[in-house]
Amino acid sequence: MLTLLSGLFSILIVTEFVLGTFANGFIAVVNCTDWVKRQKMSSADRILTALAISRISFLWVMLVNWYAAVLNPALYIFEVRLLVYVAWTASNHFSVWLATSLSVFYLFKIANFSSLIFLRLKWRVKSAVVVILLGSLFFLVFQIAGVSMYEKIQMKEHEGNVTRQTNLGGILHLSSLTIFTLANFVPFAISLTSFLLLIFSLRKHLKRMQSSGKRSQDPSTKVHIRAMQTVISFLFLLAGHFTTLIVTVWSSSGLQNELFFMLFQAFGFVYPSSHSFILIWGNKKLKQAFLSVLYQGKYWLKEQKLSTP
């Protein structure tokens, strides 16, 4: 039974990896192709492209981690484990924070408030996004430093004063978990704030439309709703991803069981894979390109069937 479940989880993980790599690769290729044709790329497309590349890296790191931990444990020596942990931390960091930056970008581009601070940020939205990304590096540096030191102490635990090494390792482990939790909670809080402000902005807009006697389904309303759908889908998926990560890192000793490890690995692939399809469907250019690819694929299959004797 355990072997059957492990096999099913393996199929699920590989399927999620393939779909996620396809979706993120599709976003990157379409935006880069459009950039080559037009010789320019919008700020939203830049964030989307960087997000897609970071998620492809994240998916590959998770696949390597799953393969080394489950299918080839002999490969999981200290140097490999440390490299995977650092790569996982960095790719997860940029995947989450770039998506958060996209939520903030939508907020400032779409919402309308009379606040002077908001208007200044709206005029300098590119600078605001850059500041958010640069500020997030504070968490990344401390996360990588904490993980590296903890892993090295674990390796040298048998040398010198074992009690001292164990106590120091426990302190570093707790510090790393705390920083990790904050580094994932802060972008969730920022995205949630962006979503709530978009709701408030839409409400004000609808009141203005009603008072002026105009219909509510104007272009601004549609843009508000489309942005809110993108942000709320990100929030739901990030909440699930965040919960999975917190349970994984805070209960690492209880995840030594192969079945539980693969279960949480399968959950970990959901966020970077599925959210990219939502981004494609919510972007007019990407949606048209995606439907065009599907139509061409359907037409090719039809031609193959007709040509088969």
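## Salt-bridge exercises

Arg38 and Asp34 share helix α1 (residues 2-38), sitting 4 residues apart, about one turn of the helix. Keep in mind that you're working on a predicted model.

**Exercise 1.** Work out which kind of contact the side chains of Arg38 and Asp34 make, and decide whether each residue is buried or exposed.

*Solution.*
- Start with the distance: N to O comes out at 2.7 Å. The cut-off for a salt bridge is within 4 Å, so this pair makes a salt bridge.
- Next, check Arg38: its relative accessibility is 55%. Exposed means over 50%, so Arg38 counts as exposed.
- Then check Asp34: its relative accessible area is 16%. Buried means under 20%, so Asp34 is buried.

**Exercise 2.** Find the salt bridge between Asp34 and Lys285, and say which helices it ties together.

*Solution.*
- The two side chains meet at 3.4 Å, N to O.
- Asp34 belongs to helix α1 and Lys285 to helix α9 (residues 284-307), so the pair ties together parts that are 251 residues apart in sequence.
- As for Lys285 itself, 24% relative accessibility makes it partly exposed.

**Exercise 3.** Now bring in Asp45: how far is it from Lys285, and what do the salt bridges add up to?

*Solution.*
- The closest N and O atoms of Asp45 and Lys285 are 2.8 Å apart, and the pair forms a salt bridge.
- This pair also links distant parts of the chain: Asp45 is in helix α2 (residues 43-71) and Lys285 in helix α9, 240 residues apart.
- Asp45 is buried, at 10% relative accessible area.
- Put together, Asp34, Arg38, Asp45 and Lys285 are linked in a salt-bridge network; the structure holds 3 salt bridges.

Conventions
Residues are numbered from 1 along each chain as its sequence is written. This is a predicted model: local features need pLDDT of at least 70, side-chain atom pairs count only at pLDDT 80 or more; totals for chains, interfaces and linings use all residues. Side-chain values use heavy atoms; hydrogens and water are left out. Helices (H or I, at least four residues) and strands (E, at least two) are DSSP runs, numbered from the N terminus. Buried means under 20% relative accessible area, exposed over 50%, partly exposed in between (1.4 Å probe, protein chains only).
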